[in-house]
Amino acid sequence: MTFDTIIRGGTIATAADTVKCDVGIQGGKITALGANLGEAREIVDATGHLVLPGGIDSHVHFAQPSGPGIVMADDFESGTRSAAFGGNTMVLPFAVQQKGESLRQVVKDYHAKADGNCYVDVSFHLVIVDTSERVLGQELPALVNDGYTSFKVFMTYEGMALSDMEMLNVMAVARETGALVMVHAENYDAIRFLTDRLERAGKTAPFFHGPSRPIPIEREATHRAISLAELVDVPVMIVHVSNGEAMEEIRRAQQKGLKVYGETCPQYLVLTEQDLEGLNMEGAKYVCSPPPRDKKSQSECWKGLQQGVFSVFSSDHCPFRYDDPQGKLTPKGRTSFRWVPNGIPGVETRLPILFSEGVKKGRISLNEFVALSSTNHAKTYGLYPKKGTIAVGADADIAIWDPDRSVTISQSLMHHNVDYTPYEGIEVTGWPVSTMVRGRFVVRDGKLTGAKGDGEYVSRDKSPLATPSGTGMF
Ligand code: DUC
Ligand code: ZN
Ligand code: ZN
């Protein structure tokens, strides 16, 4: 038998196993695993390297309208290019509805932005802002059946926050259709209350973004989201969890047998509120929500990863340029943290940070790394086993890693369209050197070899993790 490509001599790790064997690839799929696979048009020597399922980043933002005068730095081209250099073969960005917009039109608009422009595979989550009868009764169920099988709701933000009644109505649609609901859990009124008080006291610097949304604001909303989901009997994913108190709410629900899942992100492992203290507006570089907390919260988030409370580790890449009036230095942002665009980049640094801080420092195993960075994303969002593993029949989505390469993270190494990285200066060991999407190298030995358009849109199945448990109250 001959193959298009054989990856030879590497150590393969999946979420379950670590083995030394070769990978045979044909027609974009993995068609054989074993020794002495025979002939191929191309033999890739992976001696001394790890051969891992390509990363799947199930929480990124590209090309989202972000308010008057603000422009998101990455579109689908630059965002997926950056993702590829970070060892990712697939990303799940959001298609975000505005009030009054047809969801069908939103999906069309985001396809127009993405199709033909991506270096790695993509699939959209929907963001539901308008809960009118037309959206919830007709458009959303039809879109779930068309493969848009997850959606996010916000409990905060002007023009986006849903009331409890609206959350319940959205959750009911998810229950009926088998979709998975992702929740941004922060208490909108409490943030507004604290923001007003801080501003009145003249506390307007970026640093005060943190004090405007302290841990109780996230913990309470997490508790409420879980309680609403319990009433409806619908599985939920609490995204971007920043601290132990919110994590414990998720753990408690899981121990009760509820299908509640959790996600955390690099900013909650390696950044703290002190990073927002920078002189002048420097702190704006770290403004994201929920905000980075303290060292104790970092170690509690690690516990959440180690103990399986968090099943996915995502970047929440939400890119704004710093030195740019359409980015973090928007003139209004100088008047108050309230107006600083919310979000930080990280799609390229997510995996090296988790690998180095996690695997190299002995906090998690290599197999747990694969689960948290790829396999569990595929399982959670209806992509498994086509994506997220190295197995015969799976797409040949592969990242080849040098596990011993030491790198100091720096903006000069990044391939995003942002002008900084919040992880500047962090030293990591382990780096993705090549990324292959469906059998073709997009990045090879640190060089871009793919073209925009190599990445395809992937329609998703309903998640097996999203089935109700049958304990609902109606
Ligand atoms: N939520 C996100 O998921 N990303 C960036 C900002 C936000 O509030
Ligand atoms: Zn969010
Ligand atoms: Zn996000």
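How many residues of the shell around ligand 1 are nonpolar, how many polar and how many charged? I started my notes there, keeping in mind that this is a predicted model. The shell divides into three nonpolar, six polar and two charged residues.

**Entry: ligand 1**

I listed the neighbours next. Going along the chain, I wrote down His 59, His 61, Lys 152, Phe 154, Tyr 157, His 184, His 240, Ser 289, Asp 316, Cys 318 and Asn 342 around ligand 1. Then I went through the polar contacts. Tyr 157 puts a side-chain N or O atom 2.4 Å from an oxygen atom of ligand 1. For Lys 152, I found a polar side-chain atom 2.6 Å from an oxygen atom of the ligand. His 61 faces a nitrogen atom of ligand 1 instead, with a polar side-chain atom 3.0 Å away. I also looked up the burial: ligand 1 on its own exposes 240 Å², and the protein buries 95% of that. As for pockets, the space that ligand 1 takes is the largest one.

**Entry: the zinc ion, ligand 2**

Which residues coordinate the zinc ion (ligand 2)? I got Lys 152 through NZ, His 184 through ND1 and His 240 through NE2, with distances of 2.1 to 2.2 Å. I noted the donor spacing along the chain as K-x31-H-x55-H. Lys 152 and His 240 link distant parts of the chain, being 88 residues apart. I placed Lys 152 in strand β12 (residues 150–154), and His 240 in the loop between β14 (236–238) and α7 (244–255). These three donors, Lys 152, His 184 and His 240, also turn up in my list of residues around ligand 1.

**Entry: the zinc ion, ligand 3**

Here my donor list reads His 59 (NE2), His 61 (NE2) and Asp 316 (OD), at 1.9 to 2.0 Å. The spacing of these donors is H-x1-H-x254-D. How far apart are the zinc ion (ligand 3) and the zinc ion (ligand 2)? I have 4.2 Å between them. I went back to His 61, which is a donor to the zinc ion (ligand 3) and has the polar side-chain atom 3.0 Å from a nitrogen atom of ligand 1.

**Entry: backbone oddities**

I checked the peptide bonds next. Where is the cis bond that leads into Pro 290? It runs from Ser 289 to Pro 290, with omega near -10°, and I find Pro 290 in the loop between α8 (267–270) and α9 (295–306). Ser 289 is also one of the residues that surround ligand 1.

I have another cis peptide bond joining Tyr 384 and Pro 385, with omega about 5°. Pro 385 is in the loop between α12 (366–380) and β17 (398–408).

Last, I jotted down Asp 233, which has a positive phi of about 60° although it is not a glycine. I located Asp 233 in the loop between α6 (215–232) and β14.

How values were computed: Residues are numbered from 1 along each chain as its sequence is written. Chains are lettered from A and ligands numbered from 1 in the order in which they are written. This is a predicted model: local features need pLDDT of at least 70, side-chain atom pairs count only at pLDDT 80 or more; totals for chains, interfaces and linings use all residues. Side-chain values use heavy atoms; hydrogens and water are left out. A residue is near a molecule or strand if one of its heavy atoms lies within 4 Å of it. A polar contact is a pair of N or O atoms within 3.5 Å; within protein, one must be able to donate a hydrogen and the other to accept it, and residues adjacent in sequence count only if both atoms are side-chain atoms. Accessible areas come from the Shrake-Rupley method with a 1.4 Å probe; for residues, only the protein chains shown count as cover. On a 1 Å grid over the protein atoms alone, a cavity is a set of points where a 1.4 Å probe fits but cannot get out, and a pocket is an open set with protein on both sides within 12 Å along at least five of seven lines; lining residues have an atom within 4 Å of a point. A molecule sits in a cavity or pocket if more than half of its atoms lie within 2 Å of its grid points. Ala, Val, Leu, Ile, Met, Phe, Trp, Tyr, Cys and Pro count as nonpolar, Asp, Glu, Lys and Arg as charged, and the others, Gly among them, as polar. Donors are N, O and S atoms within 2.8 Å of the metal (3.2 Å for Na, K and Ca); water is not among the atoms, so sites may look incomplete. Helices (H or I, at least four residues) and strands (E, at least two) are DSSP runs, numbered from the N terminus.
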